[in-house]
Amino acid sequence: MAVPGEAMEEGIADLLGIERGMAVQTRNPAPEAAAWLDGVRAALEQRCGGELLDESADEVVDVVLLCWRAGDGGGDDLVDALMDAMGNLADAGWIWVVTPEAGHDGYVLPDELAGSVPAAGLVRTHGVSLGGGRRAIRLTWPPSRRTRR
């Protein structure tokens, strides 16, 4: 589902499953991703009820928005970035890997994601189009990890 402009900004929190009280962290926002993030920041902060945390935060987080582009590194670098993002992730939390869509500068090949996700110990649940040439892939802990206490 692709939604343009202002409507997208208002619906971004719904697409990403952000709810009031969630701690949301952003990681690796290169200049292009930072511009996109700045465009949706107000909607995300309004929904979660607080400021988005950056990668230096020590709190346990419910959601991580990991921005990744081709050129940020190869598959091993993406695995490392995912593992870093998992460091503060709650057991019931998830990671959105935000990348440029096909045909846009920085597009990440599906094979790179497909190999990196299980190597980091995560599973892919689904993907969404975020508009503005961005897509996001939702990753979670495997079911055995999510159910442990």
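This is a short chat about reading strands, contacts and exposure in a predicted model.

Reader: Let's start with strand S3. How many of its residues are buried?

Author: Here's a general idea to keep in mind: side chains in a regular strand alternate between the two faces of the sheet. Now the case here: S3 spans residues 89-100, and 10 of its 12 residues are buried, so "buried" meaning under 20% relative accessible area, the strand is mostly covered.

Reader: Which strands pair with S3, and in which sense, parallel or antiparallel?

Author: Strand S2, residues 61-67, pairs with S3 in the parallel sense over 6 bridges. Strand S5, residues 134-140, is joined to S3 by 7 bridges, and those two run antiparallel.

Reader: Which residues stand opposite each other there?

Author: On the S2 side, leucine 66 stands opposite valine 97 in S3. Over on the S5 side, threonine 99 faces arginine 135 as its opposite number.

Reader: What about ring contacts: how many aromatic pairs turn up?

Author: A search of the whole structure gives 0 aromatic pairs. There is a charge over a ring, though: arginine 138 lies over the face of tryptophan 94, 3.9 Å from the ring centre.

Reader: And the loop just before S5: is glycine 132 buried or exposed?

Author: The cut-off for exposed is over 50% relative accessible area. Glycine 132 has 78%, so it counts as exposed. This glycine lies in the loop between strand S4 (123-131) and S5.

Reader: How far is glycine 132 from proline 100?

Author: In sequence, 32 residues; in space, 8.8 Å from C-alpha to C-alpha.

Notes: Residues are numbered from 1 along each chain as its sequence is written. This is a predicted model: local features need pLDDT of at least 70, side-chain atom pairs count only at pLDDT 80 or more; totals for chains, interfaces and linings use all residues. Side-chain values use heavy atoms; hydrogens and water are left out. Rings of Phe, Tyr and Trp (its six-membered ring) pair if their centres lie within 6.5 Å; planes under 30 degrees apart count as stacked, over 60 as edge-to-face and the rest as tilted. A charge sits over a ring if NZ of Lys or CZ of Arg is within 6 Å of the ring centre and within 35 degrees of the ring normal. Buried means under 20% relative accessible area, exposed over 50%, partly exposed in between (1.4 Å probe, protein chains only). Helices (H or I, at least four residues) and strands (E, at least two) are DSSP runs, numbered from the N terminus. Two strands pair if DSSP finds at least two bridges between them.
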